Amino acid sequence: MDASDDRDVKLQRASADLLSDIERRLPKLLRKDGSVRQYVRHGSLQKLIDLLEPFQEMPQLLDPKLATFVPVIVDAFVDFLILHKGSYPKSDKVKNDAIPLPRAICRLLYVLCKIRGEKVISRFFDHRPNLLEPMLAAFEAWGKQTRLTGEDDSHPAIVRLTWEEKYIMLLWLSQLLLAPFDLANLSSAVVTAQSLEGHGIVSFKLPDNVPYIAVRTLTLALEHLPSAGKERESAKTLLVRLTVRPDMNKLGLSECVIRWVMETLTSRGDSSGTNPSLYEAVGILSFLAGVLAAGEKGIVSPFIVPIYRSAFAIATDDKSYGYLTGSALGKRMIIKLLRTIAILTLRPETRSAGGISEETVSSILEDTIDYLLTSLAAADTPIRFAASKALSQITLQLDSDMAAEVVEAILGSLNEDVLAMEATSSSNSANDDLLRQRTMRKSLATVNPGRWHGLVLSLAQLLLRRSPPQSQLPEILKVLMNALTFEQRSATGVSVGANVRDAACFGIWAVVRGYSTQQLLAIDVKSIVRSLNSQSDMTVLHALAIELVVSGCLDPSGNIRRGSSAALQELIGRHPDTIINGIPLVQVVDYHAVALRSRALTQVASDASRLGKVYWEALFRAMLDWRGIGSPDEVSRRMTAKAIGLLSEIIDGTTAKRMFADITSVLGALRSTEVEERHGLLLALASLLDSAIWQKYNDQNLSDAELSSLLGRDFPSQILSQVSALPENDFVAFSRRPELTAEASCVLVSSLLRRCQLLQLSLSDEDFGACLRIISLSLPRSDEVTITSTSTAARNLFSVLNSQRRSDLVRQWIDLLVNGKKSVVTPSGHLASLGAVFALVSGDRGEGLSKDQNDILNAILSYCTENIAVEFRVAALQSLRNGVIKSKTITSAIVDALQASLRDYSVDQRGDVGSWVRLEAVDAVCEAWKHQLLSDAAQRLLLPEVCRLAGEKLDKVRYRAWLCLRELAALHSSTHALSLFNCSSPDLAYVSTETYFSQLLQLLLSDICGLRLPLLEGIFISAGGGYESLLRASRNSLAKFVYELSVEGGGYNLVEFCKDINQVIKTNLSNDRVLIPSLDVVSYLFDTGSLQRASEARGETGWRALLSLVQKAHYKSTNMPKLSAAIQVYAGLGEIPAIKQESLSKLLSLLLHPFPLVRNMAAEIIFTTLLPDSQVNTCSAELQRTNWSASPKELKERVNKLRAALIETR
Amino acid sequence: MLSILRKARLKDKELRVLMLGLDNAGKTTIVKRIMGEDINTVSPTLGFIIKTIDFDGYKLNIWDVGGQKTLRSYWRNYFEKTDALIWVVDATDRLRMDDCREELAGLLLEERLMGASLLVLANKVDVVGCMNEGEIRERLQLDAIRTHNWTILRCSALDGLNLREGLSWVVQDAKDRLFLY
Ligand SMILES: Nc1nc2c(ncn2[C@@H]2O[C@H](COP(=O)(O)OP(=O)(O)OP(=O)(O)O)[C@@H](O)[C@H]2O)c(=O)[nH]1
Ligand SMILES: [Mg+2]
């Protein structure tokens, strides 16, 4: 979830290192031997940026170094500028890896601006006014140059100025324009209207005597104002700076610019002309806002009203300006402009300077506020943020009466779409409360969540500045409390409204921080708390604290839980001694503790509810609602059920009984389609039954009267009535989410049966019937959760049934499985349940298996065969493990089935589905080992298979096989060969390491018989066909192992190993899955030179046997990987003197193989490795000259010649 | 909400100040004195109290946490992004100086306080015969502190001596480190 605080801490610690690293790299990047570079390496630049990026999280950490960093960068740019302002470095001269210095610098500066804000960064730019001219000149020249060459195809490598360059240079220019003396002093040249035409802005009528430098600046600014990129923003800043300069104003340029942009914006808006582009319009709007905010009153005042008129006209004219008002960017700019105007007109000095009448001001304010209130509903979050910020800023400038009116308007809007649905019930039971809560939520079902977010956010911002008067607090708090639990479900069931709750949390935080204890205590709690239960003497602060506790524990969003925790802390710290158990409460609902939902919901909620009945009540009630059992995901519902169980442990029996009643009545009120809620509520009931609070009544032999006073009359039937009437359809129909109903019902049945057994409570036949019906309805389901809960329910049922009924049921289920194989679509549930009851049908004799057990076993084993679908084989094995083996039963039939399953390599279009079977089988073997059930004979059968799996290429299989071997090792003394598995820690990554394979290979040295070949097979598969890193790890360890073997004598040696190789290949001649990787491994071992060490000791027969095996392996094969592997082995064998000739001869015959690829490979091998020295000259030429892709017929003669030369020369 | 608050904190120049120290050191009295509240009504703090002091254009959110032994384990709950730590020492309490030193040393190891500066206030110097600055410095081994920027001031909540100076130091330090621009 949200771990940002820990990140902060980490960053803080790392920042010193990062900063010094940056400081070290920066000068090197920019300069060499003191003078600026022309190019920098892309990698070095990126490295620096990577060092800077982390500071995005906490920009202030950069501050102490900014005064060092930025000037270093800026100076380099200036030096470069002076040297190269006339021409930009050509990037086609160098490798792609190099970036021209200006581009690199501007990227760096942009990154800094992004992190720390352009205002802060730009103040470090070089301010010397005499830079203005060169900077302008460079921008013009570089821009032109790139454009010119861009058209010339012979220099396509030259790219235009990047947006970062434009953005930074324009920003820099705008900084230079802050020069306090007249621009005329910087350039003597002035222009007339005509001279501007050359710059492309035709429609612009310049006043006289404008300095040339200003014209050039203006040109650049206007040119980039309509850009789509970020350079638009700095073009705007530049234009604003130019426009508000006193000297420009004096010359009339300011007015001229403002008029011109207004015209561009509006006059073309009518039907006659074309609209400005979106970005042009955005640029102009932001320019206007900028000018109004920055300009001297005297300059801008006359324009305020006209600008307002056009802006408002545009804002409300969706027909002509829809492209603008409909874009988030455009709309935000309009909002910003209107905000600026509204705030300006509120200042008396602006009003008088611009001659704006009171009526105009109030109409501007009214229209603007109205517009903002509407904008709060926008679908785009940034617009809502902008509107709410604008609204609160304006409101803060208003006098208190008007400000209160705005708050009134916000509150009014909040209530607009709320459906009138006052709950009529007047009683105070928790259940009615709950219904009221639900009614409340329904009444909010039609409000626009975006709008609520915007409105609540605005309230919160106003509260932060303490704008609303105390008299409005009750109404505001009422809204905030509702908003804190706001949620809607979309048509697809997705939860919306977290942003509303977040804003509410913010608002509450602001209230408790900004208003005094007295002010808050003065509020009548009845005016804000929607449901008044017994605590009518509660204070408002306490009511708030309760809501925050609930949100902190239950809200699905981590940010809101943490926000609530922070707000609670603020509340309790600002208003000490007002909250029951306030301090412990803060400790419990701790900021860090609530980060994880499961912990917040269970542990934190339970701890908090111990601190007061009020917290308990509020939490329990909220758990029954949308944040608990009404959660859209089943995981949260299961967690809530657990949490409700924890709550029950805190209270007395009477209250627990009430919890039953409450849950039952909510269940009763559900519609039959509310399957998810039912799932949650049934699980909650089950959790109550499991609760520890009943512990003390166990085995007390309570009388019926006592029991019914404890739990109510007919307790089991009461509980069962919640599920017994469920229609069969709910367990079948896809649309009804049957898996949820099946799971929850079975869990409930389980818990009930268990509780009845513990309390020694007898069940009626009807009750049994109801339980059995639920189980039977759930048995056909195939998902794992349901299978688990069904089989548990079955076991619990069996433990209270008499033996006759048990037998009957077993018979019935077996019948379904064995005789009705076709009718049972998914037998998994039956298989699991039969396994689960296995131990309970043992009969009385004690010795050996009962008939029922035998029948169960046979039924399950009949599903372990190959003609059964993989899924069901898996289910059968699971059942064997969980039911049969766990109850310490093993038979030779089971061992056989396990052995076969360990070798299951079934493949279908889903891939290696046999691996699921192997995995289950390994786990089953592991279980058997754990209980020490396996005889020596059984071990001899199973251990080699497990060893094979420990080497194979699927990580998961290797891992579980390894765990299994560890289990076995644990049973043996430390001298046993397997004991070396004991030491390492269990970790999935470990089984892909070299160490692991080396350890595995050590087993070859042991005397455990029958294990060598399977183990080698397994490892060969990884070393010959594993994925890259696995292949490397297994090969390396294998090579090392073989290298260290002594050639002859002394236990396992190289000769033995070579024999084993032959054996592996021989047994797998028709099994490509093992054969091909094995051939690959053999050729690899030849490559490493290890096998050659046995060249003499192995003897000619041994090698010849291998040669003939290889020959058999590829005989008549068309499998290319196999052929290629075989050829490589021949190459290796060719290095064994005893059979060099035969190998060569094999290869020579392959030169006539029907596949051209094979012929080429063979030729290559002969050429590179097998030519005898005496023949190198003659034959290599021949080999090289020949086109081996030609048809074998044509080649025959040449091959014969080669053969004659090579073989006969012996 | 949390990100809005973070931004607001930066914009409004807010500081989070943690005020800790053994019980009876005078923390609550100091806060009350600065706030101009009645200092005759203080009683031991059983939890924590948050107050905001406007000082020199900055908003100091001061968390005054009770110093009784049973509450000290709670100190670490408040360590979230703290800008300054004010450690109040009762300059008349010679007996508990070892306790005081150990608690402070333990606190400075907390990761969440890494970025905070430390102001040690030697309080109650209006009392005759109290420890002087050098003695406190030595017994708390302040000179061994390398991890935090620190200073020590004598003060008195009773007559207000050096309280504003203390806050000035906190604010100045924040200006140098946190609110440069
Ligand atoms: N003489 C003198 N007495 C002081 C001074 N400051 C505080 N005291 C007294 O010291 C006692 C404890 O003050 P508090 O402010 O409650 O101490 P604290 O540090 O808040 O204690 P806890 O809340 O228990 O951690 C009170 O009786 C104060 O009157 C001071 O500067 N001089
Ligand atoms: Mg105190």
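Which helices of chain A are included in what covers the buried residues of H18(A)? In this predicted model, the cover includes helix H15 (328-345), H17, helix H19 (400-416), helix H21 (449-464) and helix H23 (498-514) of chain A. The points below take up that helix together with H9(A), then aromatic and charge-over-ring arrangements in chain A, and lastly a pair of threonines in chain B that a UniProt entry annotates as a binding site.

**Helix H18 of chain A**

- Helix H18 covers residues 381-397 of chain A, and its 17 residues, taken at 1.5 Å a residue, should span 24 Å, which agrees with the 25 Å that separates its end C-alpha atoms.
- The buried residues of H18(A) are Ile383(A), Arg384(A), Ala387(A), Ser388(A), Ala390(A), Leu391(A), Ser392(A), Ile394(A) and Thr395(A), and H17 is one of the helices that cover them.

**Helix H9 of chain A and Thr243(A)**

- For helix H9 (residues 231-243) of chain A, the span expected for 13 residues at 1.5 Å a residue is 18 Å, and the end C-alpha atoms are indeed 18 Å apart, so the two values agree.
- Because 11 of the 13 residues of H9(A) are buried, this helix is largely enclosed by the rest of the structure; among the buried residues are Glu231(A), Arg232(A) and Lys236(A), as well as Leu238(A), Leu239(A) and Val240(A).
- Thr243(A), which is found in helix H9 of chain A, has a relative accessible area of 2% and therefore counts as buried, the cut-off being under 20%.
- A polar atom of the Thr243(A) side chain lies 2.5 Å from the backbone oxygen of Leu239(A), and, once neighbours within four places in sequence are left aside, Thr243(A) is in contact with Ser254(A), Val257(A), Ile258(A), Phe287(A) and Val291(A).

**Aromatic pairs and charges over rings**

- Over all chains, the count comes to 17 aromatic pairs.
- In one of these pairs, the ring centres of Phe77(A) and Trp172(A) are 5.2 Å apart and the planes stand at 35°, so the pair is tilted, an angle under 30 degrees being needed for stacked and one over 60 for edge-to-face.
- This pair links distant parts of the chain, with Phe77(A) in helix H3 (residues 63-84) of chain A and Trp172(A) in helix H7 (residues 163-176) of chain A, 95 residues apart.
- Phe77(A) is buried at a relative accessible area of 2%, and Trp172(A), at 0% relative accessibility, counts as buried too.
- The rings of Phe312(A) and Tyr371(A), with centres 6.4 Å apart and planes at 70°, form an edge-to-face pair, because that angle is over 60 degrees.
- Since Phe312(A) lies in helix H13 (residues 297-316) of chain A and Tyr371(A) in helix H17 (residues 358-375) of chain A, the pair ties together parts that are 59 residues apart in sequence; both Phe312(A) and Tyr371(A) are buried.
- Elsewhere in chain A, ring pairs link Tyr959(A), Trp962(A), Tyr990(A), Tyr996(A) and Phe997(A) into a cluster.
- The charged end of Arg1035(A) sits over the ring of Tyr1084(A), 4.6 Å from its centre, while Arg1093(A) lies over the face of Tyr1043(A), at 5.7 Å from the ring centre.

**Asp75(A) in helix H3**

- Asp75(A) is found in helix H3 of chain A, and its relative accessible area of 38% makes this residue partly exposed.
- Asp75(A) and Glu165(A) are 90 residues apart along the chain, and their C-alpha atoms are separated by 16 Å.

**The annotated threonines of chain B**

- An unreviewed UniProt entry places the feature "binding site" at Thr28(B) and Thr45(B); these positions span 18 residues in sequence, yet no two of their C-alpha atoms are more than 7.5 Å apart, so they gather at one spot.
- Thr28(B) lies in helix H2 (residues 27-35) of chain B, whereas Thr45(B) is found in the loop between H2 and strand E2 (48-55) of chain B.
- Both residues are buried, Thr28(B) with a relative accessible area of 14% and Thr45(B) with one of 11%.
- The side chains of Thr45(B) and Thr28(B) are joined by a polar contact of 2.8 Å.
- Not counting residues up to four places away in sequence, Thr28(B) is in contact with Val42(B), Thr45(B) and Asp64(B), and Thr45(B) touches Thr28(B), Asp64(B), Gly66(B), Gln68(B) and Leu71(B).

Key. Residues are numbered from 1 along each chain as its sequence is written. Chains are lettered from A and ligands numbered from 1 in the order in which they are written. This is a predicted model: local features need pLDDT of at least 70, side-chain atom pairs count only at pLDDT 80 or more; totals for chains, interfaces and linings use all residues. Side-chain values use heavy atoms; hydrogens and water are left out. UniProt positions are given in the numbering used here, feature names are shortened, and annotations may be inferred rather than shown by experiment. Helices (H or I, at least four residues) and strands (E, at least two) are DSSP runs, numbered from the N terminus. Buried means under 20% relative accessible area, exposed over 50%, partly exposed in between (1.4 Å probe, protein chains only). Contact means heavy atoms within 4.5 Å. A polar contact is a pair of N or O atoms within 3.5 Å; within protein, one must be able to donate a hydrogen and the other to accept it, and residues adjacent in sequence count only if both atoms are side-chain atoms. The expected span of a helix is 1.5 Å times one less than its number of residues. Rings of Phe, Tyr and Trp (its six-membered ring) pair if their centres lie within 6.5 Å; planes under 30 degrees apart count as stacked, over 60 as edge-to-face and the rest as tilted. A charge sits over a ring if NZ of Lys or CZ of Arg is within 6 Å of the ring centre and within 35 degrees of the ring normal.
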